[in-house]
Number of protein chains: 2
Amino acid sequence: MTDSLTAETIIRQYNLKLTKPRMLVLNLLLSRQEVLTADEIYEFLVRTGSSLNFSTVYRTLETFTEKKITEKVKMPDSRKAGFLLFTMSHTHNLICLGCHKVIPIHGCPLKAFNEELAAETRFEIVGHDLTVYGYCEKCRKPHHQ
Amino acid sequence: MTDSLTAETIIRQYNLKLTKPRMLVLNLLLSRQEVLTADEIYEFLVRTGSSLNFSTVYRTLETFTEKKITEKVKMPDSRKAGFLLFTMSHTHNLICLGCHKVIPIHGCPLKAFNEELAAETRFEIVGHDLTVYGYCEKCRKPHHQ
DNA sequence: ATGCTCTTGCAAATGATTTGCAATAAGGAG
DNA sequence: CTCCTTATTGCAAATCATTTGCAAGAGCAT
């Protein structure tokens, strides 16, 4: 009864047409638990023999992000945007600056804080961006300036 | 004995040469407690009679950000970067999506959380981005989708 | 199989930011 | 105060990521 989380299932769940580019992009994101930039996705797919267009990658990622299949984050020290799976269970991520692996942070550490902040500032708080950066066990090096 | 926080004092404190563009940009940021984009700064200065170059604004903001006189944030729903004063007392900001006013968040709500997270994931955590978005009292409207 | 609509590919445009280079200005030495 | 070295600026052109217009090409409900 529970659908397995294949690219196909996901795409269908969101009422999107099942197309080759969408399958390719989503399968890549599913297979790696990583942030990828549009060009990394494009490069990889082309390098591994698929044929699709760069703008299609952008459009696909835009669509996925609207539907909350993916999430868009700003990559530190780069102008590019990163994309990663938006799994329902999290809102924030821990990103390894070495290998770009993404560890989802389950549960939002800011819930209580937001309430305090709203009371204090009288703002209506509608959201926040939180991304934590670091180095995973493998990548730990004297990287930081 | 305590230096007042004029643009001049600040620029000197960071061993930067005191130049007209730097004074203009920093004074603007000091006078408004707001996030401003490079083009907003440029437009404003030119409109109010100053003469300086767009790339100089970028270079100035880059320098200020390196020295931590300013801080660079990603503006939501825009490709542009926003710049605001980096006051030593805070790391994070609450930004009003209506008027772009910035309220510095004093103290980091993630200190304790980062330690937990490091222990749990065995990452060496080197930093994080946190920006909270909302609407200030004045701007509260049925804005959110 | 047919048609309506959503997607794609391609090429060109856009928009933000960066860069090379020569001219200029800051600030220390004398 | 003047000279000198070096950092900074202006300008124009380049770059880089991302977006867009448009015509051709799928999906998929019927």
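In this predicted model, chain B and chain A together bury about 3,000 Å², with carbon and sulfur atoms accounting for 67% of that area. On the chain B side, Phe123(B), Glu124(B) and Asp129(B) stand out: they provide 22% of the area that chain B buries against chain A, more than any other three residues. The contact draws on 31 residues from chain B and 31 residues from chain A.

Polar and charged interactions also cross the interface. The count between chain B and chain A is 2 salt bridges. Arg122(A) takes part in a salt bridge with Glu137(B), where the closest N and O atoms lie 2.8 Å apart. In addition, 4 residue pairs across the interface are in polar contact, with both residues of each pair at pLDDT 80 or more.

It is helpful to see which elements of chain B carry this surface. Strand 4 (90-96), strand 5 (102-106), helix 5 (111-121) and strand 6 (124-135) of chain B each contribute at least two residues to the side that touches chain A. Among these elements, strand 6 of chain B gives the most, with 12 residues. Sorted by class, the side of chain B that touches chain A comprises 18 nonpolar, 7 polar and 6 charged residues.

Strand 6 also links the two chains through strand pairing. Strand 6 of chain A (residues 124-135) and strand 6 of chain B run antiparallel and pair over 11 bridges. Within this pairing, Thr131(A) has Asp129(B) as its bridge partner in strand 6 of chain B. Asp129(B) thus returns here, having already appeared among the three residues that supply 22% of the area chain B buries against chain A.

How values were computed:
Residues are numbered from 1 along each chain as its sequence is written. Chains are lettered from A and ligands numbered from 1 in the order in which they are written. This is a predicted model: local features need pLDDT of at least 70, side-chain atom pairs count only at pLDDT 80 or more; totals for chains, interfaces and linings use all residues. Side-chain values use heavy atoms; hydrogens and water are left out. Contact means heavy atoms within 4.5 Å. Buried area is the accessible area (1.4 Å probe) that two parts lose on being put together, summed over both. A salt bridge is a side-chain nitrogen of Lys or Arg within 4 Å of a carboxyl oxygen of Asp or Glu. A polar contact is a pair of N or O atoms within 3.5 Å; within protein, one must be able to donate a hydrogen and the other to accept it, and residues adjacent in sequence count only if both atoms are side-chain atoms. Helices (H or I, at least four residues) and strands (E, at least two) are DSSP runs, numbered from the N terminus. Ala, Val, Leu, Ile, Met, Phe, Trp, Tyr, Cys and Pro count as nonpolar, Asp, Glu, Lys and Arg as charged, and the others, Gly among them, as polar. Two strands pair if DSSP finds at least two bridges between them.
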